[in-house]
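Q: I'm new to reading protein structures and would love some help with one part of this one. Could you take me slowly through a single strand and its surroundings?

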Amino acid sequence: EEYPLLGYWLYESSEIEALWHGRLVVEESPDGRNTRHPMMKAEDNELSYIVQPNESIIFYDKYMNELVALVLRNFCLDGEVLAWADSVVAEVTSLKRSVRIKIMMLFQLEDPGSLVLARFSAGARSQPTFDWAHNLLSKHHSPEFIHRLHHREASFFALQWNLMKARLPGEVMDDFEAFFERTGMCRMDTKQGKTAYGDYTIQKGEHLINFKHVEMAPPSGMFGGNYARATHLEPSPHKYAVSWNTSRAGGEDVGGHFYIARYGIKVIQTANTAIVWKPSQVHGTSL
């Protein structure tokens, strides 16, 4: 039996419940398209497994004979590079509009925090088109500034992609490679080329490091900050999804933990943690 249940906001303490109850239960929903999700306390004794802060682990389903989840702590082994990566997340989420903002009226929808689309977008539901995401909050940036920002975005995801290739099991990466083979999809690169290879730049302390003609990331990614969402599932063109939590403020008691309901798994969130899961299975992040 799945736990937590589908369609619930999760919280772990009465303090967190009190903080969010008014906005998520009492106040009128800011998004009339969706019904309200009820709140639910996530009870540790109802879970099958809790991934501890210093624990890396792979979960296999013995009946399906496949990997279903993975948690890898210390995903990036260089602290200075990690600090640069975290600075990119902070910059992008401060400069770009969250997908959880109602565009015409610029107010926050139900989900707390920010979730920003990077690079290519499929466009609006009413007007689908495959193009760069046009989601800067300001229209007054110079072309040079925008180009540098796009390069930093693509560089962040190129770093993550190449860390994934080096550190994640072949079963996960084979899924993404099959997606590229099946769709012929482009990669995330400021040049919009059709090759899988490009250039990217990272920073280690005061030093810039350039990588030439290396494999680039998939065409789209999401940057998030303080983001939470009720338990849900979603369609995906590939079996697995991968997140990289670059930083975290506060201890375990502040919430923001990740749940995979199909297997009753709770991942206690810490900085520099990569998580692999199946988007088609119920999952969510606690308040």
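The part to look at is strand 5, along with its neighbours and the loops at its ends.

A: Happy to! Please keep in mind that this is a predicted model, so every value below was computed from predicted atoms.

Let's start with the strand itself. Strand 5 covers residues 66–73. How many of the residues of strand 5 are buried? The count is 8 of the 8, so strand 5 is largely enclosed by the rest of the structure. Here "buried" means a relative accessible area under 20%. As a general point, the side chains of a regular strand alternate between the two faces of the sheet.

Now for the partners. One of them is strand 4, residues 57–61, which runs antiparallel to strand 5 and is joined to it by 5 bridges. To find this pairing on your screen, look for phenylalanine 59, which stands opposite alanine 69 in strand 5. Another partner is strand 17, made of residues 273–277. Strand 17 also pairs with strand 5 in the antiparallel sense, this time over 4 bridges. A good landmark here is arginine 73, whose bridge partner in strand 17 is threonine 273.

Next, follow the chain from strand 4 into strand 5. The two strands form a hairpin, with 4 residues between them. Asparagine 65 sits in this loop, and its phi is near 55°, a positive value in a residue other than glycine. That is worth a pause, because most residues other than glycine have a negative phi. Is asparagine 65 buried or exposed? Its relative accessibility is 66%, so asparagine 65 counts as exposed, given that the cut-off for exposed is over 50%.

There is another asparagine to set beside it. Asparagine 272 lies in the loop between strand 16 (265–267) and strand 17. Its phi is near 60°, again positive in a residue that is not glycine. Its surroundings are another matter: asparagine 272 has a relative accessible area of 5% and is buried, whereas asparagine 65 is exposed.

What comes after strand 5? The chain enters a loop that lies between strand 5 and helix 2 (79–95), and phenylalanine 75 has its place there. With a relative accessible area of 0%, phenylalanine 75 is buried. Which distance separates phenylalanine 75 from methionine 164 in space? From C-alpha to C-alpha it is 8.7 Å, although the two residues are 89 apart in sequence.

For practice, you can try the hairpin idea elsewhere in the model. Strand 10 (residues 197–204) and strand 11 (residues 207–215) pair in the antiparallel sense over 7 bridges. These two strands also form a hairpin, here with 2 residues between them. The turn contains glycine 205, which has a positive phi of about 65°. To place the pairing, look for glutamine 203, which stands opposite leucine 208 in strand 11.

To put the picture together: strand 5 is largely enclosed, as 8 of its 8 residues are buried. It pairs with strand 17 and forms a hairpin with strand 4. In the loop on the strand 4 side sits the exposed asparagine 65, while the loop towards helix 2 holds phenylalanine 75, which is buried.

Terms used
Residues numbered from 1 in each chain as written. Predicted model: local features only at pLDDT ≥ 70, side-chain atom pairs only at ≥ 80, totals over all residues. Heavy atoms only, no water. Pairing = 2+ DSSP bridges. Buried < 20%, exposed > 50% of the residue type's maximum accessible area, 1.4 Å probe, protein only.
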